[in-house]
Amino acid sequence: MPGEASAAGSRHSGGRDGRAGRAGHRGHTGHTVLAGLIAAVVGFTSSFAVVLTGLRAVGASEAQAASGLAALCLGMGLSALLLSVRLRMPISVAWSTPGAALLASTGAPSGGFPAAVAAFLVTGALLVLAGLWRPLGRAIAAIPPALANAMLAGVLLSLCLAPARAAVEIPRLALPVVAVWLALTRWAPRWAVPGALAAAAVGVALESAGGLGDTLSGTPLLATPEAVAPSFDVAAVVGLALPLFLVTMASQNIPGMGVLASYGYRPPLRPLLGVTGAATVAAAPFGGHAVNLAALTAALAAGPGAAPDPERRWVAGATSGAAYVVLGLLGGLVTALAGLAPLLLLQAVAGLALLGALASALKAATDDPAMREAAVVTLVVTVSGAQVAGVGSAFWGLAAGWVVLGVGRLPGLRPARPAPVVAEAPDGRDDRAREHP
């Protein structure tokens, strides 16, 4: 019957449509998984040198730095998996790259690496507290962005000078790295830093072929955790934990929320800070400094390139988390290979990775003319590296900026408005028609 034929045709067509839809869904899922893998690889390769440099600067041995890198990756991966699956949103989690740069610029506290580990624990506790206690979160948000960015720029500047120093001191290794980075910045910006890292690896491999073989044969494939008993020190808490917390909140968590919001995702802040703060506390005894929301790589998982359907992009966030777990398990091998490279070369790669962040921080610090002087003072004091009572320059830079800002707002100390420039007419009279504001 015509009706039955029509119904059968409709069911058949629906079957074809259903199969086509499922095939398309599988295709999109594969693409989304690939986007998550790319986000993890780019995030890891573009900044793990910064993390190793920072951990070594605060007193970690090579084994402790390897343990810290692995602990961070595991904390990041498990956090991203949990949050992405639980919230059904593409939540990307990362280590605090600006925080690692802060470690590199601050140097080892008086209590050595155990004091740094205690500072990491305090940082994690503050992250959890910021999610649970709203006044703390509001207080962090109340820090003038110009001062926060000026402090960040001061922290980043010392590492961003490393490529220039390396080009002079080890030109045979550094100049090819810079050349590859420059070329890829022009034609494939996303891969500029991974490409520079690959160029550094090739150069080191060519110079130490024998050492490379010994390293590969004598290095365990899986990471070996190495716990460090914390040693709480007031100077380390004030000079390291507080700046690390502020930098992580201002440069990672807040921008990370902004990236998610720009793609239409508005997750509750409390579980994000709770989970990443708890991951920081768990990673700290093994050398991990800070786990937080991803800011730079978050767009790779949350953007339309990950999946046309925004409701499916959580798969990219979960995939990046799984990839970080695998990378964390291989942390020992990665760190051992990095140990073959001169420290200055690693710092040069880290500096290239942070140039974009430095440019953004400098622009944000000096955009507002009313805040510019206080921001420059913050920058200068932070760059100075001055320590008072064992407290690092990042804290004093922010404090100095607050003082300059406060003094400038005292009654009677505001700069006078400049008088209008009045041109004189040829006959000697004021020509008011030619006033300039």
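Helix pairs whose axes meet at under 35 degrees count as roughly parallel, those over 145 as roughly antiparallel, those from 65 to 115 as roughly perpendicular, and the rest as oblique. That wording comes in handy straight away for α7 and α16 in this predicted model. Their axes lie 7 Å apart and the two helices pack at an angle of about 140°, so α7 and α16 end up oblique to each other. The crossing of α7 over α16 is left-handed. On the α7 side, the residues that meet α16 are A162, P163, R165, A166 and E169. Their partners in α16 are L344, Q347, A348, G351 and L352.

Stepping back for the overall picture, the protein has 437 residues, and 47% of them count as buried. Its secondary structure adds up to 18 helices and four strands. Among contacts with a separation of 6 or more, 81% come from residues 24 or more positions apart.

Helix α7 also has a partner in α6, which spans residues 145-160. Here the axes are 6 Å apart and the packing angle is about 15°, so α6 and α7 are roughly parallel to each other. The contact draws on S158, L159 and C160 from α6, and on A162, P163 and R165 from α7. Three of these α7 residues, A162, P163 and R165, turn up in the meeting with α16 too. As for α6 itself, the helix has 16 residues and reaches 21 Å from its first C-alpha to its last, close to the 22 Å expected at 1.5 Å a residue. Of those 16 residues, 13 are buried, so α6 is largely enclosed by the rest of the structure.

Next comes α8, covering residues 171-187. This helix has 17 residues, and the distance from its first C-alpha to its last is 24 Å, close to the 24 Å expected at 1.5 Å a residue. Which residues of α8 are buried? They are L173, A174, V177 and W181. Looking down the axis of α8, these buried residues fall within an arc of 85°, so they line one face of the helix. The cover over them includes α7 (162-169), α9 (192-207) and α16 (343-366). On the other side of α8, the exposed residues are R172, L182, R186 and W187.

Two of the α8 residues come up again with E207, a residue of helix α9. Setting aside neighbours within four places in sequence, E207 is in contact with R172 and L173. One of that pair, L173, is on the buried list for α8, while R172 is on the exposed one. E207 itself has a relative accessibility of 44% and so counts as partly exposed. In space, E207 and L340 are 9.7 Å apart, C-alpha to C-alpha, although 133 residues separate them in sequence.

A similar case is D368, which has its place in the loop between α16 and α17 (369-384). D368 and P145 are 223 residues apart in sequence, yet their C-alpha atoms are 9.8 Å apart in space. The relative accessible area of D368 is 38%, so this residue is partly exposed.

Elsewhere, α2 packs against helix α14 (residues 314-329), with axes that come within 7 Å and cross at roughly 160°. That makes α2 roughly antiparallel to α14. The crossing of α2 past α14 is left-handed. Residues of α2 that make the contact include A70, C73, L74, G77, L81 and V85. From α14 the contributors include W314, G317, A318, G321, Y324 and V325.

Is S79, another residue of helix α2, buried or exposed? S79 has a relative accessibility of 4%, so it counts as buried, the cut-off being under 20%. Apart from neighbours within four places in sequence, the contacts of S79 are V93, V275, A279 and V291.

Following α2 (62-87) comes the loop that runs to β1 (93-95), and R88 is found there. Although R88 is not a glycine, its phi is positive, at about 55°. With a relative accessible area of 46%, R88 is partly exposed.

Technical notes
Residues are numbered from 1 along each chain as its sequence is written. This is a predicted model: local features need pLDDT of at least 70, side-chain atom pairs count only at pLDDT 80 or more; totals for chains, interfaces and linings use all residues. Side-chain values use heavy atoms; hydrogens and water are left out. The expected span of a helix is 1.5 Å times one less than its number of residues. Buried means under 20% relative accessible area, exposed over 50%, partly exposed in between (1.4 Å probe, protein chains only). The arc is that of the directions from the helix axis to the C-beta atoms. Contact means heavy atoms within 4.5 Å. Axes are lines fitted to C-alpha atoms, for helices over the stretch in contact, and angles run from 0 to 180 degrees between N-to-C directions. A crossing is left-handed if the near helix is turned anticlockwise from the far one by less than a right angle, and right-handed if clockwise.
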